[in-house]
Amino acid sequence: MAISSTTVQVSAASHTIITNTDTDETEDLAHSGSKQLQQIRIANSNTGSVFLQLWNLNDVANVTMGTTEPHMVLPCPAETTQTYVIPSGIVFGTGIVMGCTTNLAAPTYTPGAPSVAVTVDLLLG
């Protein structure tokens, strides 16, 4: 796990950027507590698509990849960087747990490990 947090000033509001440079099929706690998710950037250097999964939870022990249904799933094509902007934001009232897989099979998104870890940035307000 390689997660860092940086506080930035945007206009009059303070925001936090969470960066995880080792997002893979292992669940990581990105943030504990209530925050509004406003932007997501996924940098995928793999030769296949990946699927970022986010859970509205504050403990990785509450998530089993492939079993626990995610709150949100976002795709990122092979060898691209995908940015999702959410102008009104989405509230994660409990916390944010994240993980990334290579398989998309709703509703549980069966785990498949990316060959190269994916870098994910979350902008929280």
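A residue counts as buried under 20% relative accessible area, as exposed over 50%, and as partly exposed in between. The exercises below use these cut-offs on a predicted model.

**Exercise 1. Class of four residues**

Task: Decide for R41, D121, H31 and P87 whether each is buried, partly exposed or exposed.

Solution.
- Step 1. R41 has a relative accessible area of 28%. Partly exposed covers the range between 20% and 50%, so R41 is partly exposed.
- Step 2. D121 has 15% relative accessibility. The limit for buried is under 20%, so D121 counts as buried.
- Step 3. H31 has 18% relative accessibility and therefore also counts as buried. H31 belongs to strand β3. Apart from neighbours within four places in sequence, H31 is in contact with L57, G95, I96 and L124.
- Step 4. P87 has a relative accessible area of 75%, so P87 is exposed. P87 is placed in strand β7. Its C-alpha atom is separated by 8.1 Å from that of Q39, 48 residues apart along the chain.

**Exercise 2. The chain as a whole**

Task: Describe the secondary structure, burial and contacts of the protein chain.

Solution.
- Step 1. Count the elements: the chain has 0 helices and 9 strands. Along the sequence this gives the pattern β-β-β-β-β-β-β-β-β.
- Step 2. Turn to burial: of the 125 residues in the chain, 40% are buried.
- Step 3. Turn to the surface: the accessible surface is about 5800 Å², and carbon and sulfur atoms hold 51% of this area.
- Step 4. Take the contacts with a separation of 6 or more: 75% of them are between residues 24 or more positions apart.

**Exercise 3. An open sheet**

Task: Give the order of the 4 strands in the open sheet and explain why β3 and β6 stand at the edges.

Solution.
- Step 1. The order is β3-β8-β5-β6, and the pairing is antiparallel.
- Step 2. β3 (28–32) and β6 each have a single partner strand, so one side of each lacks a neighbour in the sheet. This places both at the edges.
- Step 3. On average, neighbouring strands of this sheet are turned by 20 degrees against each other, direction ignored.
- Step 4. Look at one pair inside the order: β5 and β8 run antiparallel and are joined by 5 bridges. For L52, the bridge partner in β8 is C100.

**Exercise 4. The salt bridge**

Task: Find the salt bridge in the structure and say which strands it links.

Solution.
- Step 1. A search of the whole structure gives 1 salt bridge.
- Step 2. The partners are R41 and D121, whose closest N and O atoms are 2.6 Å apart. The cut-off for a salt bridge is within 4 Å.
- Step 3. R41 is in strand β4 and D121 in strand β9, 80 residues apart, so the pair links distant parts of the chain.
- Step 4. Compare with the pairing of these strands: β4 and β9 run antiparallel, with 6 bridges between them.

**Exercise 5. Strand β9 and the core**

Task: Show how β9 is placed in the structure and what it supplies to the largest nonpolar core.

Solution.
- Step 1. Of the 7 residues of β9, 5 are buried, so the rest of the structure largely encloses this strand.
- Step 2. The largest nonpolar core has 20 residues, of which L37, I40, I42, L54, V120 and L122 touch the most other members. Strands β4 (35–44), β5 (50–55), β6 (72–76), β7 (80–92), β8 (95–101) and β9 (118–124) each supply at least two residues of this core. The largest share, 4 residues, comes from β9.
- Step 3. Take one member: V120 lies in strand β9. With 0% relative accessibility, V120 counts as buried.
- Step 4. Leaving aside neighbours within four places in sequence, the contacts of V120 include I18, T19, I40, I42, L52 and M98. The C-alpha atoms of V120 and M98, 22 residues apart along the chain, are separated by 9.3 Å.
- Step 5. Take the residue opposite: I42 stands opposite V120 in β9. With the same neighbours in sequence left aside, I42 is in contact with residues including V50, L52, L74, Y84, V118 and V120.

How values were computed:
Residues are numbered from 1 along each chain as its sequence is written. This is a predicted model: local features need pLDDT of at least 70, side-chain atom pairs count only at pLDDT 80 or more; totals for chains, interfaces and linings use all residues. Side-chain values use heavy atoms; hydrogens and water are left out. A nonpolar core is a set of buried Ala, Val, Leu, Ile, Met, Phe, Trp, Tyr and Cys residues joined through side-chain atoms within 4.5 Å. Buried means under 20% relative accessible area, exposed over 50%, partly exposed in between (1.4 Å probe, protein chains only). Contact means heavy atoms within 4.5 Å. Two strands pair if DSSP finds at least two bridges between them. Axes are lines fitted to C-alpha atoms, for helices over the stretch in contact, and angles run from 0 to 180 degrees between N-to-C directions. Accessible areas come from the Shrake-Rupley method with a 1.4 Å probe; for residues, only the protein chains shown count as cover. A salt bridge is a side-chain nitrogen of Lys or Arg within 4 Å of a carboxyl oxygen of Asp or Glu.
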